[in-house]
Amino acid sequence: KQTAEKQINQSLDSVVLGRPVHFQDFAPEQDQKAESVLRKIAYNAGFKNISFQYEPISAAFSHEAKLEKEQLACVIDIGGGTSDFSIIRLGKSNSQKQDRTSDILANTGTRIGGNDFDSNLSINCFMPEFGYKTLLKPDEYTGRILPVPNQPYVELSEWSSINSLYTYSSKKNIEQIYNNSAEPQKVVNLYNTIREELGHTLLNKIEECKIELSNKDEVITTLNFLPTSPTITSNVRDFEKAIHKTTQKIVSSLNECLTQAQVSKQDIGLIILTGGSTEIPYVKNTILKMFPNATISEDDKMSSVALGLSYDAMRLYK
């Protein structure tokens, strides 16, 4: 509020806040509670007139004004940690409604997003250079040869679990793995990453590689923050194989949304893509193949919700 007032040099008393269709699935009482909390926050910030709009409706507002006839749209929002899908009825006459609940035919979501694609890329393209899927030395008593444990590599590939590797016991465990490794020249990269607590630095590099693979066939990444400065080559084919299963989970959630709305893929006339992960060509192309009759909109992909809320504020508070 203060930032906006400073920019326009006048006070702001009214606001339209974006909200998901469901804060929590199958729990309408939680929806009401969450919205009331947001309302109180806005009130405490100094707003007097407070309205809400569903985020998928907001994302569709700029498109709705251009439509000549009513159309079914699918809003696909793939963010960092979640993906949300909505089937919406759009039309010029609909845009004047105060309550758009009846125009949202279905809404589904899944806890899959850009972080999962980072993890897929890490495990499949980066972690082999850290000793993933290598072996330990033969046991001195039994002669058994065991694989290096997978768990540290999985945890190092997840933004949410990296810190768990920095405990004393975890560091000692990884030191032991390194000392018993049959390929210490690879496992040393795991050992140094955990010892120096560089897991987030590593995942940032992996995320950069993922983004570059949206425009390049091959990306060479040098991890110069590690003593060995390993160089890892990633290509589009390997990346697509790595994210295939994750992408199919997104497709399953989209199909569920269509089923809930009781419409077919052929009925969808407009696809609205938002969120950074829709920039991944394999993800985008997989989704678009589902809707043979749809026009694709990627306008204001990273700001469509905020822009739509602004349009709604103009309508409500002009």
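Which residues are linked with Glu35 in a network of salt bridges? The network consists of Arg19, Asp31, Glu35 and Arg39. The model is a predicted one, and 13 salt bridges are found in the structure.

Within this network, the pair Glu35 and Arg39 can be followed in detail. The closest N and O atoms of Glu35 and Arg39 are 3.7 Å apart, which falls inside the 4 Å limit for a salt bridge. Both residues belong to helix H2, which covers residues 28-44, and because they are 4 residues apart they are separated by about one helical turn. The spacing matters for direction: an α-helix has 3.6 residues a turn, so residues three or four places apart point the same way. Arg39 has a relative accessibility of 34% and therefore counts as partly exposed.

A second pair with this kind of spacing is found in helix H6. Here the side chains of Glu175 and Lys172 form a salt bridge, with 3.4 Å from N to O. The two residues are 3 apart in H6, about one turn of the helix. Glu175 is partly exposed, at a relative accessible area of 26%, and Lys172 is also partly exposed, at 40%.

Helix H6, residues 168-179, also contains Lys171. The side chain of Lys171 meets that of Glu197 in a salt bridge, at 2.9 Å from N to O. Glu197 lies in the loop between helix H7 (184-195) and helix H8 (199-212), so this bridge ties together parts that are 26 residues apart in sequence. Lys171 has a relative accessible area of 24% and is partly exposed; Glu197, at 41%, is partly exposed as well. The backbone at Glu197, just after H7, takes a positive phi of about 55 degrees.

Helix H7 itself has a run of buried residues. Val187, Val188, Asn189, Leu190, Tyr191, Asn192, Thr193 and Ile194 are buried there. The elements that cover the buried residues of H7 include H6 and H8, together with helix H5 (151-156).

The next stop is strand E3, residues 71-78, where Cys74 is placed. What surrounds Cys74? Beyond its neighbours within four places in sequence, Cys74 is in contact with Ser86, Ile87, Leu254, Ile268, Leu270, Ile271, Ile272 and Phe291. The relative accessible area of Cys74 is 0%, so Cys74 counts as buried. Measured by position along the chain, Cys74 and Asn107 are 33 residues apart, while their C-alpha atoms are 9.6 Å apart in space.

One of the contacts of Cys74, Leu254, also takes part in the packing of helix H9 against helix H10. Two packed helices are described by the angle between their axes and the distance between the axes. For H9 (residues 236-261) and H10 (residues 281-288), the axes come within 10 Å and cross at roughly 35 degrees. This crossing of H9 and H10 is right-handed. On the H9 side the contact is made by Glu240, Ile243, His244, Thr247, Gln248, Ile250, Val251 and Leu254, and on the H10 side by Tyr282, Val283, Thr286 and Ile287. Sorted by class, the residues in the contact of H9 with H10 are 7 nonpolar, 4 polar and 1 charged.

Conventions:
Residues numbered from 1 in each chain as written. Predicted model: local features only at pLDDT ≥ 70, side-chain atom pairs only at ≥ 80, totals over all residues. Heavy atoms only, no water. Buried < 20%, exposed > 50% of the residue type's maximum accessible area, 1.4 Å probe, protein only. Contact = heavy atoms within 4.5 Å. Axes fitted to C-alpha atoms, helices over the stretch in contact; angles between N-to-C directions. Left-handed = near helix turned anticlockwise from the far one by under 90°. Nonpolar A, V, L, I, M, F, W, Y, C, P; charged D, E, K, R; others polar.
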